[in-house]
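Please open the model in your viewer and keep the sequence panel visible. The stops below indicate what to select at each stage.

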Amino acid sequence: MGWRKQSCHRPCAASLLAIMSIALTPGPAEAGAWLQRRGEGLAIVTTLADRAEQRFDAGGDRIDDGYFYKDETALYAEYGITARLTAVARIAWQSVERRQGAIHDAAQGLSASEIGLRAGVWQDAGRIATLQVTALLPGAGENVSNQPLGAGGEAWEVRALWGQSFGNDRFADIQLAHRWRAEPDLDEVRLDISAGWRPAPRWQVIVQSLSVWNAEAASPIRPAFSQHKLQLSLGREIAGMEYHAGVYFTPAGRNTLDERAIFLSVWRRF
């Protein structure tokens with residue numbers, strides 16, 4: 001079977017998943033499993049405000065932990081190189097501040113940027129499996145969660161993606177990834193699960209769970225960690241563009257911040 005997606009007069013699950021990915025930070029900008037058509041693409045701009053006044057300790061309990069804020073504007077793009085190969089990229093500008101007792105850390109500038117390729121592995125009616133390889137390049141802002149701003153070097157990620165649409169108004173997506181980080185930062189395993197529903201032709205509701213764990217033994221300067229986020233967004237198509245407003249929060253974690261955020265995303269196909 002060919003690798004062309006459904007017309008965007010239908011649910012257009014690839015675009016739905018892409019809009020979710022860019023809104024989620026910190027972390028990868030991994031889009032959904034679907035591929036872009038050859039010569040076509042998708043551009044998404046997201047702005048968010050992220051705050052935290054508590055963190056999860058080593059036992060998973062919330063404790064007071066000073067103050068964290070992050071304001072970010074990010075651009076994410078996909079472009080179909082061939083019918084089975086899509087290029088992906090993300091760049092984000094941040095203003096970040098972290099206060100913890102006498103410790104004060106602040107940065108303004110680019111966070112880790114990402115560039116990668118997603119390749120088709122298998123597809124039939126309503127289902128697709130793809131594989132994505134991504135390189136992460138460090139910036140002045142957040143490169144590694146819960147580490148000093150600007151800390152962390154280059155990283156590589158391999159991600160397996162599975163997507164399925166259900167009729168014309170629902171979809172699901174599962175992604176499993178391994179991220180290799182330069183020492184002393186710990187490698188990571190990531191699991192993202194997404195579901196979307198179109199209750200009316202121009203409206204979309206998207207729910208997503210994002211989880212990350214350390215994938216190698218902890219060290220005195222890099223403790224074991226985990227973080228689990230839930231996100232909910234509502235989207236509306238207006239004049240050929242789509243606008244998503246949403247929130248995310250952190251219901252559980254270990255040695256990580258208890259983050260809360262609101263965001264607005266705007267995307268357009270080209």
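How many bridges join β5 to strand β6? Select residues 127-137, which form β6, together with β5; 11 bridges join these two strands, and they run antiparallel. Please bear in mind that the model is predicted.

Remain with this pair and select G116 and T134. T134, in β6, is the bridge partner of G116. Next, move to the turn: β5 and β6 form a hairpin, with two residues between the strands. Select G126 in that turn, where phi is positive, at about 80°.

Now add strand β3, residues 85-100, to the selection, and display β5 as residues 113-124. β3 and β5 pair in the antiparallel sense, over six bridges. To locate one of these positions, select R90, whose bridge partner in β5 is E114. While viewing strands, note that in a regular strand the side chains alternate between the two faces of the sheet.

The following stop is the largest nonpolar core. Select A52, F68, V96, A107, L149 and L257, the six residues that constitute it. Then centre the view on A52. Setting aside neighbours within four places in sequence, A52 is in contact with G66, Y67 and F68, and also with L257, D258 and E259.

Finally, select the whole chain. One helix and 14 strands are present. Of the 270 residues, 48% are buried. Among contacts between residues at least 6 apart in sequence, 59% join residues at least 24 apart. With a surface displayed, the chain exposes about 12200 Å², of which carbon and sulfur atoms supply 61%.

Definitions and conventions:
Residues are numbered from 1 along each chain as its sequence is written. This is a predicted model: local features need pLDDT of at least 70, side-chain atom pairs count only at pLDDT 80 or more; totals for chains, interfaces and linings use all residues. Side-chain values use heavy atoms; hydrogens and water are left out. Helices (H or I, at least four residues) and strands (E, at least two) are DSSP runs, numbered from the N terminus. Buried means under 20% relative accessible area, exposed over 50%, partly exposed in between (1.4 Å probe, protein chains only). Contact means heavy atoms within 4.5 Å. Accessible areas come from the Shrake-Rupley method with a 1.4 Å probe; for residues, only the protein chains shown count as cover. A nonpolar core is a set of buried Ala, Val, Leu, Ile, Met, Phe, Trp, Tyr and Cys residues joined through side-chain atoms within 4.5 Å. Two strands pair if DSSP finds at least two bridges between them.
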